[in-house]
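Welcome! Let's take a friendly look at the pockets and the surface of this protein.

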Amino acid sequence: MAKLSVAQYGKDNIRVYKVHRNQETGVQDVVEMTVCVLLQGDIETSYTEADNSVVVATDTMKQTTYIMAKQHPVTPPELFGSILASHFVETYKHIHSAQVKIITHRWTRMTVDGKPHPHSFMRDGAETRNVEAVATEGKGIDVRSAIAGLLVLKSTGSAFHGFVRNEYAALQEVDDRILSTEVDCGWKWDTFGSVKDVEAAIPKFDEAWNRAREITMTTFAKDESASVQNTMYKMCEQILAAVPMVNAVDYSLPNKHYFEIDLSWHKGLKNTGKDAEVYEPQSNPNGLIQCTVAR
């Protein structure tokens, strides 16, 4: 006999832009987000019996997101995600868990004539600040913050050797190589009892994001990397030490490969090993290295 084992539904790709206008200074601040809302609860009959009486329409989720954005701060995103997720659990008694995912897109204030412009911004990269907030009835609010889409590269200071060699291994060992990756780094906070507890931690969220970003880039640049695995572990250790309210840190780092091009066929032109200067960037396949480090 068939039985519904897991069910959730919601609204994805809700685009939200909010502007704050300081009437005294004329300075404006902007935030642009992409939001996803997913609900779980006593919704089985909507699947098994075509009973829509338990369905909170996904358009209602979208409109609720806009209303909450008007009525509440949208920064830091950890707070807005917690407010929005808690709203659904508190408003609809048959909804027992609400998951809110927020992608905050970069808008960096322009500098014009040597001064920060009051209302002009630029998109200076694909990096995003991401948050996932899950409000669960009787448990509290679980929050994961993240850096995503941060593309980094260093042209030396990375090696890879001593790995398993057998009849299937074709990769050559290298003492020096280009290392590039697109950083996806997340950290999970201790569970918050309520939105008020999240509000009390507001200063910690920006501080943690800045520290995680700084640690990621500094360690990436300075570490004489024996492997992506070892470098990411060092990053995790440092973030855990820097942010006491975080209980776990995770990284997902895809290798962005750059291969030497043998040009010896053209008049003996040297372009390999210590003579390599021209490389061919690769798209795929690529290595993908992941880990989670907890207290």
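## The largest pocket

This is a predicted model. A good place to begin is strand β10, which gives the most to the lining of the largest pocket, with three residues. That pocket has a volume of about 750 Å³ and is lined by 28 residues. β10 covers residues 258–260, and the other elements that give two or more residues to this lining are β8 (179–189) and α6 (228–242).

If you would like to find the middle of the largest pocket, look for V174, R177, H257, Y258 and F259, the lining residues that lie nearest its centre. Sorted by class, the lining has 13 nonpolar residues, 10 polar ones and five charged ones.

## The second largest pocket

Next comes the second largest pocket, with a volume of about 440 Å³. Its lining is made up of 18 residues, and those nearest the centre are T104, H105, R106, W107 and R129. Four elements to look for here are β2 (28–41), β3 (95–105), β6 (128–136) and α5 (202–222), as each supplies at least two residues of the lining.

What is the make-up of this lining by class? The second largest pocket has seven nonpolar, six polar and five charged residues in its lining.

## A nonpolar patch on the surface

Now turn to the surface, where M110, V112 and M122 form a nonpolar patch. Together, these three residues have about 210 Å² of accessible area.

One of them, V112, sits in strand β4, which runs over residues 108–112. V112 has a relative accessible area of 32%, so this residue counts as partly exposed.

Notes:
Residues are numbered from 1 along each chain as its sequence is written. This is a predicted model: local features need pLDDT of at least 70, side-chain atom pairs count only at pLDDT 80 or more; totals for chains, interfaces and linings use all residues. Side-chain values use heavy atoms; hydrogens and water are left out. On a 1 Å grid over the protein atoms alone, a cavity is a set of points where a 1.4 Å probe fits but cannot get out, and a pocket is an open set with protein on both sides within 12 Å along at least five of seven lines; lining residues have an atom within 4 Å of a point. Grid points are joined across faces, edges and corners, and a volume is the space filled by probe spheres set on the points. Ala, Val, Leu, Ile, Met, Phe, Trp, Tyr, Cys and Pro count as nonpolar, Asp, Glu, Lys and Arg as charged, and the others, Gly among them, as polar. Patches are made of residues with over 30% relative accessible area and no salt bridge: like charges are joined within 9 Å, nonpolar side chains (Val, Leu, Ile, Met, Phe, Trp, Tyr) within 5 Å. Accessible areas come from the Shrake-Rupley method with a 1.4 Å probe; for residues, only the protein chains shown count as cover. A salt bridge is a side-chain nitrogen of Lys or Arg within 4 Å of a carboxyl oxygen of Asp or Glu. Buried means under 20% relative accessible area, exposed over 50%, partly exposed in between (1.4 Å probe, protein chains only).
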